[in-house]
Amino acid sequence: MEAVRASAAWVASRSSHVTVDLQEIEKAVDKIQGNVPKIEWDFEGIHYFDNGPLTVQYLFVLDALNFCFWPDKDLSYDHLASGLKLALEKDKTALDADRLQNYTGPQLRQLLNWPRPLPIEEERVRLLHEVGLELERNFGGQAANLVKSAGNSAATLIELITRHFPGFRDHSLYKGHQVFLYKRAQIFVADLWGAFKGHNYGEFHDINSITIFADYIVPAVLRELGILKYGSNLSCSIDSNSEIVPGSEEEVEIRACSIYAVEKMRELINKKFGKQLLSIDIDLWLWSCGVQNMALSHHRTLSIYY
Ligand SMILES: Nc1nc2c(c(CN[C@H]3C=C[C@H](O)[C@@H]3O)cn2[C@@H]2O[C@H](COP(=O)(O)O)[C@@H](O)[C@H]2O)c(=O)[nH]1
């Protein structure tokens, strides 16, 4: 994902609200002696897995809806992952392409067993329809065929996803430049890789090209570690739970600087400790720390991308 890496570095070099503190990265790396704790995919035990194409369909739908849980303080990613899992266990056809095209908001809520409207529910429904329609039109209704057509390349799969499914085109304009972040497309690849343990639908020869997934948890952890420093206005906005406007310089800088900072961390660990660590490994470690720390204040942006 050279475009993600390069545009994140471009933003980091011009950023004014967010700074990446390279010394703090070094300190953090030395503190753990380069040993990033290994977090197992599905450490929570909430995902559907049957080692076949239905798992791929499940993960694709999951990541089509994997964004913006915070407006409902009781809702989290876990509800989405386990809700879709239960729905599929009850009815194996629940995520078939023709069914996806017809869900309404109340039906989606029912599917996830959630008692009230979901945040940005209309967009969630629209994205489900988009996924169902395009899977049917070009991939015989199956996300597994989409994955197969990428020929075991993570970069090709991300290119295919962003070409066919507009809802996955997570990008922004920053100081006149197009910045690629591709959070949900990349996390889908990582989920395949994690779930299938690098085999079958999860085999990618270029898995090391993936960056972290710029969401609202990892930046908060990087800030807590002192690796990201926010200017005083931005700090106040975040600490007072004010919303950050989607596409604003602040929002793009938070996300792009997070990607850049972890790329720097990975380079340092690999060079200093002779490892071959992936950004995914660092992401899952930071993310799992973040979701366990309820006190962490994160930036709040209404977005379909993360
Ligand atoms: N960077 C990064 N962001 C991630 C994930 C995951 C889940 N990954 C699964 C893969 C393997 C594990 O077993 C995980 O279950 C969700 N998110 C993001 O977090 C936010 C949700 O937060 P809260 O509102 O507190 O539930 C939201 O933006 C969501 O998109 C990740 O791995 N990395």
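**View 1. What kinds of residues wrap the ligand in this predicted model.** Sorted by class, the shell around the ligand holds 13 nonpolar residues, 3 polar ones and 6 charged ones. There are 22 residues around the ligand, and those that come nearest are Asp42, Glu44, Asn66, Lys183 and Asp283. If you're hunting for the main contributor by element, look at helix 14, which supplies the largest share of the shell, 4 residues.

**View 2. Polar atoms lined up with the ligand.** Start with Asp42, where a backbone N or O atom sits 2.7 Å from an oxygen atom of the ligand. Phe213 also joins in through its backbone: one of its polar backbone atoms is 2.9 Å from a nitrogen atom of the ligand. Trp287 uses its side chain instead, with an N or O atom there lying 2.9 Å from a ligand oxygen atom. As for how much of the ligand is covered, it would expose 670 Å² taken alone, and the protein buries 94% of that.

**View 3. Where the ligand sits.** Its home is the largest pocket. Two elements give two or more residues each to the shell around the ligand: helix 10 (183-195) and helix 14 (279-292).

**View 4. The largest pocket, wall by wall.** This pocket has a volume of about 1200 Å³. It is lined by 48 residues, and the ones closest to its centre are Tyr77, Asp78, Ile217, Trp287 and Val291. Trp287 is worth picking out here, since its side chain also places an N or O atom 2.9 Å from an oxygen atom of the ligand. Helix 4 (77-90), helix 10 and helix 14 are the elements that give two or more residues to the lining. Helix 14 gives the most, with 8 residues. By class, the lining of the largest pocket splits into 24 nonpolar, 9 polar and 15 charged residues.

**View 5. The second largest pocket.** Here you'll find about 270 Å³ of space. Its lining is made of 15 residues, with Ala87, Lys90, Gln110, Leu111 and Leu112 nearest the centre. Helix 4 turns up again, and together with helix 6 (105-111) it makes up the list of elements that give two or more residues to this lining. Helix 4 gives the most, with 6 residues. The class split for the lining of the second largest pocket is 6 nonpolar, 6 polar and 3 charged.

Definitions and conventions. Residues are numbered from 1 along each chain as its sequence is written. This is a predicted model: local features need pLDDT of at least 70, side-chain atom pairs count only at pLDDT 80 or more; totals for chains, interfaces and linings use all residues. Side-chain values use heavy atoms; hydrogens and water are left out. A residue is near a molecule or strand if one of its heavy atoms lies within 4 Å of it. A polar contact is a pair of N or O atoms within 3.5 Å; within protein, one must be able to donate a hydrogen and the other to accept it, and residues adjacent in sequence count only if both atoms are side-chain atoms. Accessible areas come from the Shrake-Rupley method with a 1.4 Å probe; for residues, only the protein chains shown count as cover. On a 1 Å grid over the protein atoms alone, a cavity is a set of points where a 1.4 Å probe fits but cannot get out, and a pocket is an open set with protein on both sides within 12 Å along at least five of seven lines; lining residues have an atom within 4 Å of a point. A molecule sits in a cavity or pocket if more than half of its atoms lie within 2 Å of its grid points. Ala, Val, Leu, Ile, Met, Phe, Trp, Tyr, Cys and Pro count as nonpolar, Asp, Glu, Lys and Arg as charged, and the others, Gly among them, as polar. Grid points are joined across faces, edges and corners, and a volume is the space filled by probe spheres set on the points.
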